[in-house]
Amino acid sequence: MSTASAKAMAYDNKGILGTLGRDGLLQIILIANTILMLFPIVIMIFSGFKSNPEIFNNPFAIPDFTNLSNYISVWTQTNFIRYLFNSVFVTGVSILSILVLGTMAAYAIARYEFFGASFILLFFMAGLTLPLKLAIIPLFILFRDLGILNTHWALVAVYVAMGLPSTVFIMTGFIRTLPRELEDAARMDGASELRIMWSVLLPLCRPALIISAIHNLVPIWNDFFFPLVFIQRDALKTLPQGLTAFMGEYTTNWGVMFAGLTLAAAPITVIYIILSRQFINGMTSGALK
Amino acid sequence: MARLSLRNVKKQFKDTKVLHGIDLDIGDREFVVFVGPSGCGKSTLLRLIAGLDPITEGQFHLNGQLMNDVPPSKRGIAMVFQSYALYPHMDVYENMAFGVRLMGLKQTEIDARIDEAANMLRLGELLKRKPRELSGGQRQRVAIGRALVRKPDVFLLDEPLSNLDAALRSDVRLEIARLHRDIGGTMIYVTHDQVEAMTLADKIVVMNLGRIEQVGSPRTLYETPANTFVATFIGSPRMTLIKTSRDGNRLGLEDGGSVVIEDLPNANANGTLTLGVRPDALTISRDGEEGFAASVVYTEYLGDDAYVYARLADGTLVSVRTHPNALYEADEKIRLHVDAAQAHFFDTQSGQRLVV
């Protein structure tokens with residue numbers, strides 16, 4: 001064996017050991033992180049199958065999964081279905097509006113040269129720095145005067161305003177990376193501006209659209225503050241707000257509440273998983289050259 | 001039928017003037033190549049013809065109709081882009097169908113046209129593939145196919161070969177020439193490569209700094225270049241320009257020898273004269289007092305030819321085509337003789353061609 005290859009062997013061995021050491025440490029950190037993240041979720045799911053005394057006596061015990069009484073009371077004693085529908089409606093309309101309006105604004109900012117384009121982008125950016133909750137009192141007065149207090153539109157308006165800045169930011173950056181020649185080609189093919197956006201740009205923007213959707217979905221679905229202020233009628237309440245019904249002034253039925261939380265978290269978790277998979281697919285298939 | 005005429009066409013981006021008044025006529029079924037160094041405005045001119053950028057000033061007529069404000073898709077023009085610009089999310093069939101669908105054609109007609117284009121370009125096997133699953137040459141063919149199915153009067157090709165490797169380039173070049181013969185449309189082709197221009201064109205338009213330097217057939221441009229720019233741009237290796245001082249029929253270089261040429265242009269008697277010589281127009285001798293003195297820099301051996309690069313007394317680098325068996329050492333002193341029949345003469349100040 002020549003000295004050169006012997007040297008290479010020695011180097012490789014050291015390399016493998018080094019890699020193992022580094023990767024092993026990484027694995028430990030990742031596993032610890034996973035446990036930390038999953039722990040509250042597991043406790044939530046477990047507690048949903050327990051009664052109040054069970055929760056306080058054996059908080060970590062594995063429950064009897066056949067005991068569905070909490071779920072049955074969520075279903076029968078509350079307006080759960082109504083709340084779920086309200087949440088789906090408000091979140092759905094908000095996300096759709098954010099994506100449609102955000103993409104259109106981003107397309108204009110990224111592609112058309114007009115006076116004030118960069119100012120408009122900066123204006124949207126400024127929205128990222130504003131905590132909307134500070135404006136709660138003026139918003140309340142504004143919505144009262146507009147007559148949309150105690151309707152879903154008050155929530156949609158706030159959520160769209162909250163979601164637009166980041167969406168415009170993400171989409172503008174993404175659209176700028178797409179080759180202009182694609183749009184020119186579509187223009188030569190006779191496509192209208194709207195058709196170019198719909199048939200050429202939107203399919204290519206899917207990864208960025210999904211990032212924006214995920215980014216906005218969770219905070220809107222889980223939001224408690226704005227429904228609490230704007231919605232008083234029980235039939236219009238969203239899930240997080242509605243679930244507080246189990247929190248009594250003196251006693252709280254924790255089991256039922258955790259069961260409700262589990263049900264509330266389920267759809268968003270499923271959507272999240274589906275979207276992330278889509279997003280990863282999109283990342284690898286959008287390549288141009 | 002497609003006749004294009006450009007009259008005093010100007011283009012300005014904000015404060016930057018890109019085209020300074022282009023006058024050009026293109027006839028039916030002509031293969032026209034716009035050639036020039038990068039930044040000369042050839043691609044901009046193509047985009048004006050396509051309608052992708054508005055014309056700042058002047059008129060563009062197609063078949064006698066003013067096209068300045070007609071949208072790109074209504075001009076009967078199709079374009080092949082430098083990056084091909086295939087829609088990445090559509091398969092080959094969809095890429096070709098996109099435009100014809102928007103034209104409002106029936107499905108049977110669409111299928112027939114795509115079939116025809118696919119046969120002509122050997123794309124039949126690839127119709128269900130996405131662009132990312134294709135090789136460079138295949139993508140190129142799809143891009144041409146997408147233009148073909150629209151059955152345009154005019155094809156625009158923007159540096160279509162620049163993304164291909166050298167071996168593929170000559171194949172696709174032949175293919176484009178064959179295509180032009182078969183479908184017979186008017187083609188306008190932009191390139192910075194003068195070899196592509198020479199091999200493909202019926203008519204070459206040489207551009208520089210937003211102006212047309214000369215329009216003519218490849219032979220015209222090669223044999224009678226209008227000025228020093230065209231002279232050095234067309235032909236490879238390029239023509240050497242030697243700035244000489246004239247004394248009667250003798251063109252000389254200071255301390256660098258001289259040549260005698262019987263018929264010299266009338267202008268500039270006893271003044272200066274720029275002599276243009278291609279590698280073929282020079283012969284080498286190893287001794288004697290006649291001819292330009294030069295010292296060899298290096299010899300390029302190409303098998304059936306060899307090019308000797310030599311430096312004149314004033315520092316000009318000259319290329320000379322010689323027999324491949326002739327060997328010249330670096331720094332060897334040689335004498336260069338000019339074949340008068342192949343010499344070109346230019347005004348030293350203006351760079352314009354002088355006629356004998």
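**Entry 1: hairpins in chain B**

I looked up strand β16 (residues 291-301) of chain B and found it joined to strand β17 (residues 306-312) of chain B by 7 bridges, running antiparallel. I took strands (E, at least two residues) and helices (H or I, at least four residues) as DSSP runs, numbered from the N terminus. I call two strands paired if DSSP finds at least two bridges between them.

I note that this is a predicted model: local features need pLDDT of at least 70, side-chain atom pairs count only at pLDDT 80 or more, and totals for chains, interfaces and linings use all residues. Residues are numbered from 1 along each chain as its sequence is written, while chains are lettered from A and ligands numbered from 1 in the order in which they are written.

Back to the pair. B:Tyr301 has B:Ala306 in β17(B) as its bridge partner. The two strands, β16(B) and β17(B), make a hairpin with 4 residues between them. In that turn I found B:Gly303 with a positive phi of about 95°.

I followed the chain on. β17(B) is joined by 6 bridges to strand β18 (residues 317-322) of chain B, again antiparallel. B:Val308 is bridged to B:Val320 in β18(B). This hairpin also has 4 residues between its strands, and B:Gly315 takes a positive phi near 95°.

**Entry 2: a four-stranded sheet**

I traced an open sheet of 4 strands in chain B, in the order β2-β1-β4-β5, with antiparallel pairing. β2 (16-26) and β5 (65-66) of chain B are at the edges with a single partner strand each, so one side of each has no neighbour in the sheet. Strand β1 (residues 4-13) of chain B pairs with β2(B) over 8 bridges. There, B:Leu6 has B:Leu24 in β2(B) as its bridge partner.

**Entry 3: helices of chain A**

I checked the UniProt record, an unreviewed entry: its "transmembrane region" listings for chain A include residues 24-49 and 254-275. Such annotations may be inferred rather than shown by experiment. Residues 24-49 of chain A are 92% helix and 0% strand, with end C-alpha atoms 37 Å apart. Residues 254-275 of chain A are 100% helix, and their end C-alpha atoms lie 31 Å apart.

I then took helix α4 (residues 80-111) and helix α10 (residues 206-222) of chain A. Their axes come within 10 Å and cross at roughly 145°. Axes are lines fitted to C-alpha atoms over the stretch in contact, with angles from 0 to 180 degrees between N-to-C directions. Among the residues that meet (C-beta atoms, placed from the backbone, within 7 Å) are A:Ser87 and A:Gly102 in α4(A), and A:Leu209 and A:Trp221 in α10(A).

Technical notes
Two residues are in contact if their C-beta atoms, placed from the backbone, lie within 7 Å.
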